[in-house]
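Biologist: I am new to this structure and should be grateful for a close look at a single part of the chain. Please begin with one position, and then describe what lies around that part in one connected account.

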Amino acid sequence: MANIAAYHYSNFIAQHLNDIKHLQISVKGIDLVKYFNDDQLDTIIINEENQSDIEGEFLESKLFQKGFALVSSQSALPSALSLKQITSSKLLIAPRYCPVSQQLLNIFDSSDDLKQFGHTNTLLEVIANSDYQTILPPANYKNAYN
């Protein structure tokens, strides 16, 4: 997701901009994998979900592991929560290309109850003004409300 990449990689890009000959940013990791497979890019930063599409040998270095958080306007949430306790009819998710959404669609068996929003900021505003919830990496909602 573009807003996750901006949060996690802006410092890296700024520090290494003089060393980078060409920088391509895409919200779809599979596009970057295609360019990598076609030898048009020599380094890519993608989510693990797209790794299986890389052809041939490659060197992998894990930059960070994402944690996820339930975002809700409800003031009384338990300190620990299982996905089984979340009602899919009250869950809003980012578009299908988002790795988090892909995982949630798999967990909830591509439930027709899941509603998708195209922009995280809009999704967060709807949640702030309703009883809907979402699951996001902590960087997304912290930047929106801190």
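**The loop between S1 and S2 and its surroundings**

Modeller: Lys 84 is placed in the loop between S1 and S2. The model is predicted, so local features need pLDDT of at least 70 and side-chain atom pairs count only at pLDDT 80 or more, while totals for chains, interfaces and linings use all residues. Residues are numbered from 1 along each chain as its sequence is written, and side-chain values use heavy atoms, with hydrogens and water left out. The names S1 and S2 follow a rule: helices (H or I, at least four residues) and strands (E, at least two) are DSSP runs, numbered from the N terminus.

Lys 84 counts as exposed because its relative accessible area is 82%. The scale behind that word calls a residue buried under 20% relative accessible area, exposed over 50%, and partly exposed in between, using a 1.4 Å probe and protein chains only. Although 24 residues separate Lys 84 from Phe 108 in sequence, their C-alpha atoms are 9.5 Å apart.

The loop between S1 and S2 also holds Ser 89. Ser 89 is partly exposed because its relative accessible area is 29%. Its C-alpha atom lies 6.0 Å from that of Leu 114, 25 residues away in sequence. Leaving aside residues up to four places away in sequence, Ser 89 touches Asp 113, Lys 115 and Tyr 132, where contact means heavy atoms within 4.5 Å.

Phe 108 and Leu 114, the distant partners of these two positions, both belong to the largest nonpolar core. A nonpolar core is a set of buried Ala, Val, Leu, Ile, Met, Phe, Trp, Tyr and Cys residues joined through side-chain atoms within 4.5 Å. The core has 11 residues, among them Ile 86, Leu 91, Ile 93, Leu 104 and Ile 135. Helix H3, residues 99-107, gives the most to this core, with 3 residues. In soluble globular proteins, nonpolar side chains tend to be buried together.

Within H3, the buried residues are Pro 99, Val 100, Ser 101, Leu 104 and Leu 105. They pack against three strands: S2 (92-93), S3 (115-116) and S4 (133-136). After H3 comes Asp 109, whose phi is positive, near 55 degrees.

H3 also takes part in the second largest pocket, to whose lining it gives the most, with 4 residues. A search on a 1 Å grid over the protein atoms alone defines a pocket as an open set of points where a 1.4 Å probe fits, with protein on both sides within 12 Å along at least five of seven lines; lining residues have an atom within 4 Å of a point. The volume of this pocket is about 190 Å³, that is, the space filled by probe spheres set on grid points joined across faces, edges and corners. Residues in the lining include Leu 83, Ile 86, Val 100, Leu 104 and Ile 135. Strand S1 (69-72) and H3 are the elements that give two or more residues to the lining. By class the lining has 10 nonpolar, 2 polar and no charged residues; Ala, Val, Leu, Ile, Met, Phe, Trp, Tyr, Cys and Pro count as nonpolar, Asp, Glu, Lys and Arg as charged, and the others, Gly among them, as polar.

The loop between H2 (29-37) and S1 offers further positions to inspect, one of them Lys 62. Lys 62 is partly exposed because its relative accessible area is 48%, and its C-alpha atom is 9.4 Å from that of Ile 45, 17 residues away along the chain. Asp 39 lies in the loop between H2 and S1 as well. Asp 39 has a positive phi of about 60 degrees although it is not a glycine, and at 69% relative accessibility it counts as exposed.

As a frame for these parts, the protein chain comes to 5 helices and 4 strands, in the order α-α-β-β-α-β-α-β-α along the sequence. Of its 146 residues, 29% count as buried.
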